[in-house]
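User: I am new to this structure and would love some help. Could you take a close look at one part, and then tell me how the rest is laid out around that part?

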Amino acid sequence: MKHGRPSIPQPRRPAAPPHKPSGAAARDQAAKLAAALALHQQGQLDQAAMLYQEILQAQPQHFEALQLLATIALQQKSPEAAVSLFDQALAINPRHPSALNNRGNALRDLKRPADALESYDRALKIKPDYAEALSNRGAALRDLNRSAEALESCDRALAIKPGFADALSNRGAALQDLKRLKEEPDAAQGLAAKLAAALTLHQQGRLDQAAVLYHEILQSQPRHVEALQLLATIALQQRHPQAAVALFDQALAINPRHPSALNNRGNALRDLKRPAEALASYDGALKIKPDYVQALSGRGNALHDLSRHDEALASFDQALKIKPDYADALNNRGNVLQHLKRPGEALKGFERALQIRPDYAEAHWNEGLCRLLMGDFAGGWPKYEWRWKREPGSSSLRNFSQALWLGHEKLEGKTILLHAEQGLGDTIQFCRYARQVAAQGARVVLEVQPPLKPLLKDLEGVSQVLGRGEQLPDFDVHCPLMSLPLAFQVNLGSITGLAYLHSDPEKLDAWQARLGDTRQKKVGLVWSGSAGHPHDHSRSLALEDMRALVTPQLGYYCLQKEWRPAEPPALVSASGIEVLGNSLKDFSDTAAVVALMDLVITVDTSVAHLAGAMGKDVWILLPFSPDWRWLLDRSDSPWYSSARLFRQPALGDWASVLMQVQAALKLRFP
């Protein structure tokens, strides 16, 4: 199937070269271009090329000379040189349909039909009635085994230019293909119909049914790129990023220049916490399709993961320059700004995203977090409820038949189930409101994570405490713990930071015996939290950092249970910190040890909440942009009156924090 002869357009005014000649020099250039074009049209290609090159020596950014020299390279069967010259020309004037059309022809000669199709489509976006580009597009579609689409493209060309020989020829070839397909319906038409049906199911969100059809296509045609990459997309949507990457890699081994597959592969790699590889995948997509806003936004996210924040903002800005109403980029840009402790700017981004997409759950959620961080609880709590729509399939979402209580209905004589939904620290922080629920005349059943059950068994206001997974009793209404502040319209003035948890007396005695009754002051330490936490890289310290606080005058005890591979218990002990390790069976043990400490020093983990809820003096070390509950620019916490906050003065600056803590320790324990 052929493409037409390269078109040799009449020269247009060049697109603003940086050193445009004037006067006699300009007239000389114009005369030389006219002479070159005349030679070109007469078929004297070498002579024309010499004149184009002379023009370019004097004026390297001369668009017409570049694209006409590229056309000669194409006519002389040097398609690689032609593509390079067309790319130089299109960098000066990206909206030149003839150059885009001829570039597509060169790419077809290089056996790159997908790239050629993209070039023809760009030409047609500028000039929809461009018959030559429509005919050539048909040829590229046929190269890609998309003969039905090829036929349609040729028909469009002939509707514009009846009798167009190239379009008639390409149309005939497409018809021949389709005739063969009719003779083998199971091999071709059946696959096409199955793919169309799978796509429909996929777009409807019926992922399992769509996946079955993609698998059936791959059984008969294992190298079907679209089926592979769409199956990979389903794996990504169903939160199987490892499987998604493997499938995207198979698809890209067949067609390495598939921008959508490269972009989605980047998304999967981000889910696997492999941001550097994700960045390379996004960059690969953008090399093929520079205006791919989804890849620019994904690239910004990967750069944010890599703490390259300025570059991340630049990537989002580039996406928004191309598509100013791209809500995802506005939302993601807001996340970076919030991380840089620029919440006012972040808030504007979230609000703008929601003007564009009012039902955008992620932006509502992020706006809520931002408002809570800024102390705007009245605006933040309602937005916080969008967490359920943000992740509708989340395991935290409980589909009870009983009604959700958010403070509007009377509870007198009813049983309410309060249930944990997020981390251990969240449960400790918000179980405080159980007694306020009970004060409304309700019988309160509290369901929590199993490690917290012994600690909370005597919580004031609670009639029954269950570990998650235990049989639930009958109840009338329910409320997630993190929705209680909304139900009670909590504001900064209504929070009481008084203690509401205590240690078990028997366990306290047992731990007192184990630690001994020494006169040495005791300090509990926690320097890292769960490695699976999404922000662990910014909130946790290394053991080496915490060793700077250890002195012979004080006794130090490790209150954390998780160990990093590079920090085994033996290394902790060698650092002068006593390891309690497996003796901390659950949080009732941790509470007993906390009660015996003179001070707890911790990063933002559940132990910070435990110590604060017990009224124990606790120093909490916070990153530059902390979790919302610690608010901004204050050294105290309304949630815990016994807490003192030590904040990074700049991103990643733990050294300054530790210096502040060292100085405070000297004052506290002279």
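Analyst:
**From one residue to the whole chain**

Let's begin with a single residue: Gln41 has 46% relative accessibility, so this residue counts as partly exposed. Please keep in mind that the model is predicted. Gln41 sits in helix H1, which covers residues 24–41. From its C-alpha to that of Ala513 is 101 Å in space, and the two residues are 472 positions apart in sequence.

That distance leads to the outline of the chain. Along its principal axes, the C-alpha trace spans about 105 × 60 × 45 Å. For a compact globule of 670 residues, a radius of gyration near 26 Å would be expected, but this protein chain has 33 Å. The chain contains 33 helices and 11 strands. Of its 670 residues, 51% are buried. If you take the contacts with a separation of 6 or more, 60% of them join residues 24 or more positions apart.

Now for the outside and the charges. The accessible surface comes to about 30,800 Å², and carbon and sulfur atoms account for 51% of that area. There are 77 positive and 72 negative side chains, and the centres of these two sets lie 4 Å apart.

With that picture in mind, here is the part I would like to look at closely: helix H5, residues 97–109. At 1.5 Å a residue, its 13 residues should span 18 Å, and its end C-alpha atoms are 19 Å apart, which agrees. H5 is mostly covered, with 12 of its 13 residues buried. Among the buried residues are Pro97 at the start of the list, the neighbours Leu100 and Asn101, and also Arg103, Gly104 and Arg108. What do these buried residues pack against? Their partners are four helices: H3 (63–75), H4 (79–92), H6 (113–126) and H7 (131–143).

Just past this helix comes a residue worth a pause. H5 is followed by Lys111, which lies in the loop between H5 and H6. While 12 of the 13 residues of H5 are buried, Lys111 has 71% relative accessibility and therefore counts as exposed. Its phi is near 60°, a positive value in a residue other than glycine. Most residues other than glycine have a negative phi.

Helix H12 (residues 225–237) makes a helpful companion to H5. H12 has 13 residues, and from its first C-alpha to its last it reaches 18 Å, close to the 18 Å expected at 1.5 Å a residue. H12 is mostly covered too, with 11 of its 13 residues buried. Its buried residues include Val225, Leu228, Gln229, Leu230, Thr233 and Ile234. Just after H12, Arg239 takes a positive phi of about 65°.

One more residue of this kind appears much further along the sequence, at Asp633, where phi is near 55° and the residue is again not glycine. Here the setting involves strands: Asp633 lies in the loop between strand E10 (618–622) and strand E11 (643–647). Is Asp633 buried or exposed? Its relative accessibility is 63%, so Asp633 counts as exposed.

To return to the part we started with, the buried residues of H5 pack against H3, H4, H6 and H7, and exposed Lys111 is found in the loop that leads on to H6.

How values were computed:
Residues are numbered from 1 along each chain as its sequence is written. This is a predicted model: local features need pLDDT of at least 70, side-chain atom pairs count only at pLDDT 80 or more; totals for chains, interfaces and linings use all residues. Side-chain values use heavy atoms; hydrogens and water are left out. Helices (H or I, at least four residues) and strands (E, at least two) are DSSP runs, numbered from the N terminus. The expected span of a helix is 1.5 Å times one less than its number of residues. Buried means under 20% relative accessible area, exposed over 50%, partly exposed in between (1.4 Å probe, protein chains only). Contact means heavy atoms within 4.5 Å. The radius of gyration is taken over C-alpha atoms; the globule rule is 2.2 Å times the number of residues to the power 0.38. Accessible areas come from the Shrake-Rupley method with a 1.4 Å probe; for residues, only the protein chains shown count as cover. Lys and Arg count as positive and Asp and Glu as negative; His and the chain ends are not counted. The place of a charge is taken as NZ of Lys, CZ of Arg, CG of Asp or CD of Glu.
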